[in-house]
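Let's take a walk through this fold together, one piece at a time. Keep the picture open as you read.

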Amino acid sequence: MNVFITGNSSGLGLGFTEALMAREAIVWGMSRRGCPLKAKYDDVIRDRRQDLGDLNKLEEGLDRLLSDCLRLDLVILNAGTLGRIQDLADTDVHDLEHLMRINVWSNKLILDWLIQRQLPVDQIVSISSGAAVNMSYGWGAYSLSKAALNNLMQLYAHEMPDTQLLALAPGLVDTAMQDYLCGEVDSADYPSVQKLKDARGTEHMPDPGRAAEMILDLLPQLRAQRESGDFVDIRQL
Ligand SMILES: NC(=O)c1ccc[n+]([C@@H]2O[C@H](COP(=O)([O-])OP(=O)(O)OC[C@H]3O[C@@H](n4cnc5c(N)ncnc54)[C@H](OP(=O)(O)O)[C@@H]3O)[C@@H](O)[C@H]2O)c1
């Protein structure tokens with residue numbers, strides 16, 4: 001199984017990579033820090049350090065990373081950044097622009113690259129969020145980006161007829177994002193973070209390895225049952 005994953009240096013992306021090693025996959029990964037499993041699985045992990053926010057360099061990075069790849073069974077567009085939980089009115093538009101580059105436009109360029117290189121891909125899953133539809137107070141930048149990501153997948157579904165594209169909300173996962181949300185955001189200011197604090201340490205917020213296994217187990221079923229372009233929240237399955 002050939003898989004390309006963005007953002008596999010930590011969190012859910014690293015969880016996917018680890019789970020895929022047990023499934024005898026070859027993983028191509030892209031992140032700024034690099035995948036820490038590369039040394040252990042040098043023969044089956046290809047890794048490239050790349051800032052997805054630097055859009056001008058992305059095409060060249062993809063050419064270099066995927067030069068020996070002839071087809072992909074799965075692409076996981078997982079890299080993402082949360083930004084700060086704050087009022088949208090206090091959010092600098094340049095910070096919004098930067099976040100949109102990572103969470104949305106880098107994914108557009110990756111899809112364009114796959115189309116232009118005519119690399120056959122069976123399934124593309126972008127990691128979205130419940131924030132794509134909730135529009136909770138304080139989640140402005142992130143919610144805007146994940147809503148745009150969902151729509152990006154739906155729009156590209158028309159242009160990639162041989163590939164299934166999905167936007168998938170993974171539920172709560174205990175990663176660095178939750179360190180910030182649970183540790184630094186006051187629920188008196190932004191009440192929606194209270195349910196994250198309550199979920200942490202319980203089965204409602206699995207670790208990245210468990211969440212990744214659960215999602216990978218679900219993908220064949222989603223491949224068979226869902227329309228390309230769909231948004232799937234795994235908590236609603
Ligand atoms: N944790 C949750 O509860 C939760 C819930 C819903 C959705 N999600 C989504 O799940 C995905 C993974 O997040 P996570 O929770 O695992 O957080 P994380 O541990 O912070 O992982 C984020 C990953 O994205 C990469 N990334 C961020 N900015 C990048 C950039 N400029 N260039 C290249 N790579 C970049 C990071 O790599 P580098 O820092 O090495 O570049 C890292 O590997 C995100 O899309 C997030 O929105 C998470």
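Look at how H2 goes past H3: the crossing is right-handed. H2 covers residues 58–65 and H3 covers residues 93–116. One thing to keep in mind as you look is that this is a predicted model. The two helices pack at an angle of about 50°, and their axes are 10 Å apart. That angle is why we call H2 and H3 oblique to each other.

So who is doing the touching? On the H2 side you'll find Leu58, Glu59 and Leu62, while H3 brings Ser106, Leu109, Ile110 and Trp113. Sort the residues of this contact by class and you get five nonpolar, one polar and one charged.

Now let's turn to the sheet. It is an open one with seven strands, paired in parallel, and reading across it the order is E3-E2-E1-E4-E5-E6-E7. If "pairing" is new to you, the strands of a sheet pair through backbone hydrogen bonds, either parallel or antiparallel. At the edges stand E3 (45–49) and E7 (231–233); each has a single partner strand, so one side of each has no neighbour in the sheet. From one strand to the next, the twist averages 20°.

Zoom in on the E3 edge. Strand E2 (residues 26–31) runs parallel to E3, and five bridges join the pair. Here Trp28 sits opposite Arg46 in E3. You'll also meet H2 again, since this helix packs on the sheet, where H2 touches E2 and E3. The direction of H2 makes about 160° with that of E3.

Next, find another pair of helices: H1 (residues 11–22) and H8 (residues 208–225). Their axes come within 8 Å and cross at roughly 65°, and this crossing is right-handed. H1 puts Gly11, Leu12, Leu14, Gly15, Phe16, Glu18 and Ala19 into the contact, and H8 answers with Pro208, Gly209, Ala211, Ala212, Glu213 and Leu216. By class, that contact has eight nonpolar, three polar and two charged residues.

Last stop: the ligand. Which residues are closest to the ligand? They are Gly7, Gly11, Arg32, Arg33 and Gly80, out of 28 residues that surround it. You've already met Gly11 in the contact of H1 with H8. H1 and helix H6 (176–184) are the elements that give two or more residues to the shell around the ligand. By class, this shell has eleven nonpolar, 14 polar and three charged residues.

Terms used. Residues numbered from 1 in each chain as written. Predicted model: local features only at pLDDT ≥ 70, side-chain atom pairs only at ≥ 80, totals over all residues. Axes fitted to C-alpha atoms, helices over the stretch in contact; angles between N-to-C directions. Helix = DSSP H or I, 4+ residues; strand = E, 2+ residues; numbered from the N terminus. Parallel < 35°, antiparallel > 145°, perpendicular 65-115°, else oblique. Left-handed = near helix turned anticlockwise from the far one by under 90°. Contact = placed C-beta atoms within 7 Å. Nonpolar A, V, L, I, M, F, W, Y, C, P; charged D, E, K, R; others polar. Pairing = 2+ DSSP bridges. Near = placed C-beta within 6 Å.
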